Amino acid sequence: MLATAVKSNERRVVISGMGAVSAAGVGAQPLWEAARDGQCQVRPLKLERPYGGRIKIAAQPQNFDPLAHLEPEILPYCDPFTQYAIVAADEAMAQAGFARKDIAGPRTAVVIGSGIGGSKTIDDEAHKEYNTRERADPLTVPRLIPSAAPTMLGMRFSCNGPTFAIASACSSASQAIGVGLEMIRSGAADRAIVGGAEAAVINGSLRSWEALRVLTPDFCRPFSAGRNGIVLGEGAAIFVLETEELAHSRGHAPLCELAGYGTTSDAFDPLRPNVEGPSSAMRQALESAGLTPDDIDYLNAHGTGTYANDITESEAILRVFGECGARLPVSSTKPIHGHALGSSGALELAITINALREQLAPPTIHFKAPDPKCPVDPVPHEARRVPMRAAMSNSFAFGGINAVLVVRRAR
């Protein structure tokens, strides 16, 4: 039986709608189908300018035409990361049953995570300055700032509540979602538009990641023997949160309950993770949800496919879940949609929600063989039917910032 969900003085928070843009296309459903079916969305790299680096692959949205989705008058203010956020938010609002102005006003918050913000704008303007000597675009600054995504969403839906960006590297989206949960629980807002967006597959970014020697030239293989790094991805996933009471009062069936959130800092090293921070974040998320480790039936791992990170995450999982941790289905979907940096946690939560709803754990593809240093069950190769009451999603970032979310089936 599930433990008591939340403290009696806290409001239950549900996810009423979600949307996504990813390498699988526009929509949360194409993203889920790719993850469920193990269909890798990593393709040959496409950039506007020649790239002479070693890495030739990425998980980029294909044939994304912003004019097919957005009004021409707002595009000058929108770097691709903001474009993705708006398209995903429109889908989330529609699934939640809201027209554009239905949740307008001071009781709706907007919190969006992005590790970098307007990467393409930065790259384009740097190219002008150092190469072509063209005049700078006067809208460069409002387009590149990380707060462009939440403020454009706030204007689109006339939300006057707290509106801001969270930039904490690969934990950005999960922190934004968790902050939205806590704001509604505390009574600071009744509804929130939350998620993450990133579009950082650009020349400069790729050069920088190559210098760190964490990019794979072929396949991302989380938890597998022979793993050799990540594949960069892009995209956005956005969610509409509201109190359970509000959803029920308007006759809307939510996708799930957003039950728990935990966040910690390793305070250890700019690059290397430790075990204490991630395990503490998982415990916090369970406590926030009023659940025990035995209540979690699936875990969507951070699972980067780098040597050290997968070992650390495996150890943290076993610390929290004990002997059951070796049997808990723990898959990473990054080999499908790439490591989308600040938006990864949002893309992975969208997949986790559908896994919960369909009672199906998506696979970890490209798995070669078990690594004794990663003694978890990665659901290799094919999806697995799993009875799920609640599921967890992990996000861990450079600098040791950890964020963990827990969802469970709606009442």
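A pocket, in the sense I will use today, is an open set of grid points, where a 1.4 Å probe fits, with protein on both sides within 12 Å along at least five of seven lines. Please keep in mind that what we are looking at is a predicted model.

With that in hand, let me start with the second largest pocket, which has a volume of about 380 Å³. It is lined by 23 residues, and those closest to its centre are V214, L271, T306, N309 and F398. Helix α7, helix α10 and strand β14 each supply at least two residues of this lining, and α10 gives the most, with 3 residues. Sorted by class, the lining of the second largest pocket holds 12 nonpolar, 8 polar and 3 charged residues.

Now to the largest pocket, where the space comes to about 590 Å³. Its lining has 27 residues, and E48, P80, Y84, K120 and E234 lie nearest the centre. Two elements, α2 and α3, give two or more residues to this lining, with α3 giving the most, namely 4 residues. By class, the lining of the largest pocket divides into 12 nonpolar, 6 polar and 9 charged residues.

Finally, a pair of helices. How do α1 and α12 cross? Their axes come within 9 Å and cross at roughly 75°, and because angles of 65 to 115 degrees count as roughly perpendicular, α1 is roughly perpendicular to α12. On the α1 side, the contact is made by A28, L31, W32, A35 and R36, while α12 brings L347, A350, I351, N354, A355 and E358. The residues of this contact are 8 nonpolar, 1 polar and 2 charged.

Conventions: Residues numbered from 1 in each chain as written. Predicted model: local features only at pLDDT ≥ 70, side-chain atom pairs only at ≥ 80, totals over all residues. Heavy atoms only, no water. Axes fitted to C-alpha atoms, helices over the stretch in contact; angles between N-to-C directions. Parallel < 35°, antiparallel > 145°, perpendicular 65-115°, else oblique. Contact = heavy atoms within 4.5 Å. Nonpolar A, V, L, I, M, F, W, Y, C, P; charged D, E, K, R; others polar. 1 Å grid on protein atoms, 1.4 Å probe; cavity = no way out; pocket = protein on both sides within 12 Å on 5 of 7 lines; lining within 4 Å. Points joined across faces, edges and corners; volume = space filled by probe spheres on them.
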